[in-house]
Amino acid sequence: MLEKTIRINDLYDFYHPLLTSKQQHYMSLYYRNDLSLSEIAEECHVSRQAVYDTIKRTEQMIEDYEQKLKLQEKFQRRQKLLQQLKHLVDVNVTEKKEKMKQIVNTLEKLD
């Protein structure tokens, strides 16, 4: 469950601008503020089932967006490559130059 929550939060960071204001509000209350479905329903004056349906539909939407656009996946790959570049600061010059070329080539191919 924790893994799913982390994944949905990460995807939400990338795709929340593509959601309606209601979807954003429910997702924020549920995943960021840790409110229960009942608490959200009471606050928004809707049924618990309406909140549940909206959250489940929204989760599927952002998963679909990620499957097509891969923004989070590319972001994670870039972060990994940046860490490798940072590590190269401590490596000797000849080895550093070749490894940096490889990383730059990989970065160029990401998009």
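A residue counts as buried when its relative accessible area is under 20%, as exposed when that area is over 50%, and as partly exposed in between. Keep that in mind as you walk through this predicted model.

**Stop 1: a patch of negative charge**

Start by selecting glutamate 39. You will find this residue in helix H3, which covers residues 37–44. Is glutamate 39 buried, partly exposed or exposed? Glutamate 39 has a relative accessible area of 41%, so this residue is partly exposed. Now add Asp34, Glu42 and Glu43 to your selection: together with Glu39, they form a negative surface patch.

**Stop 2: aspartate 34**

Stay with one member of that patch, aspartate 34. Look for aspartate 34 in the loop that lies between helix H2 (21–32) and H3. Aspartate 34 is exposed, because its relative accessible area is 66%. There is something else to check if your viewer shows backbone angles. Aspartate 34 is not a glycine, and yet its phi is positive, at about 60°.

**Stop 3: lysine 70**

Next, select lysine 70. The loop between H4 and helix H5 (71–88) is where lysine 70 sits. What is the phi of lysine 70? The angle is positive, about 55°, although lysine 70 is not a glycine. With a relative accessible area of 33%, lysine 70 is partly exposed.

**Stop 4: into helix H5**

Move on to leucine 71, which belongs to helix H5. Leucine 71 is partly exposed, and its relative accessible area is 35%. Which residues make a nonpolar surface patch with Leu71? Select Leu18 and Leu69 as well: these two and Leu71 make a nonpolar patch of about 250 Å² on the surface.

While you are in helix H5, click on glutamate 73, which is also placed there. At 32% relative accessibility, glutamate 73 is partly exposed. Try drawing a distance from its C-alpha atom to that of leucine 11. The two residues are 62 residues apart along the chain, and their C-alpha atoms are separated by 9.7 Å.

**Stop 5: two buried threonines in helix H4**

Now select threonine 58, in helix H4 (residues 48–69). Why does threonine 58 count as buried? Its relative accessible area is 0%, and buried means under 20%, so threonine 58 falls in that group. To see what surrounds threonine 58, show its contacts, leaving aside neighbours within four places in sequence. You should see Leu19, Gln23 and Met27.

Threonine 54 is in helix H4 too. This threonine counts as buried, with 4% relative accessibility. Which residues is threonine 54 in contact with, leaving aside its neighbours within four places in sequence? They are Lys22, Gln23 and Tyr26. Keep Gln23 selected for a moment: this glutamine is among the contacts of threonine 58 and among those of threonine 54.

**Stop 6: asparagine 9**

Finish in helix H1 (residues 2–15), where asparagine 9 is found. Is asparagine 9 buried or exposed? With a relative accessible area of 16%, asparagine 9 is under the 20% cut-off and so counts as buried. Not counting residues up to four places away in sequence, asparagine 9 touches Tyr31 and Arg32. For a last distance, go from the C-alpha atom of asparagine 9 to that of valine 46. These residues are 37 residues apart along the chain, and the two atoms are separated by 23 Å.

How values were computed: Residues are numbered from 1 along each chain as its sequence is written. This is a predicted model: local features need pLDDT of at least 70, side-chain atom pairs count only at pLDDT 80 or more; totals for chains, interfaces and linings use all residues. Side-chain values use heavy atoms; hydrogens and water are left out. Patches are made of residues with over 30% relative accessible area and no salt bridge: like charges are joined within 9 Å, nonpolar side chains (Val, Leu, Ile, Met, Phe, Trp, Tyr) within 5 Å. Accessible areas come from the Shrake-Rupley method with a 1.4 Å probe; for residues, only the protein chains shown count as cover. A salt bridge is a side-chain nitrogen of Lys or Arg within 4 Å of a carboxyl oxygen of Asp or Glu. Lys and Arg count as positive and Asp and Glu as negative; His and the chain ends are not counted. The place of a charge is taken as NZ of Lys, CZ of Arg, CG of Asp or CD of Glu. Helices (H or I, at least four residues) and strands (E, at least two) are DSSP runs, numbered from the N terminus. Buried means under 20% relative accessible area, exposed over 50%, partly exposed in between (1.4 Å probe, protein chains only). Contact means heavy atoms within 4.5 Å.
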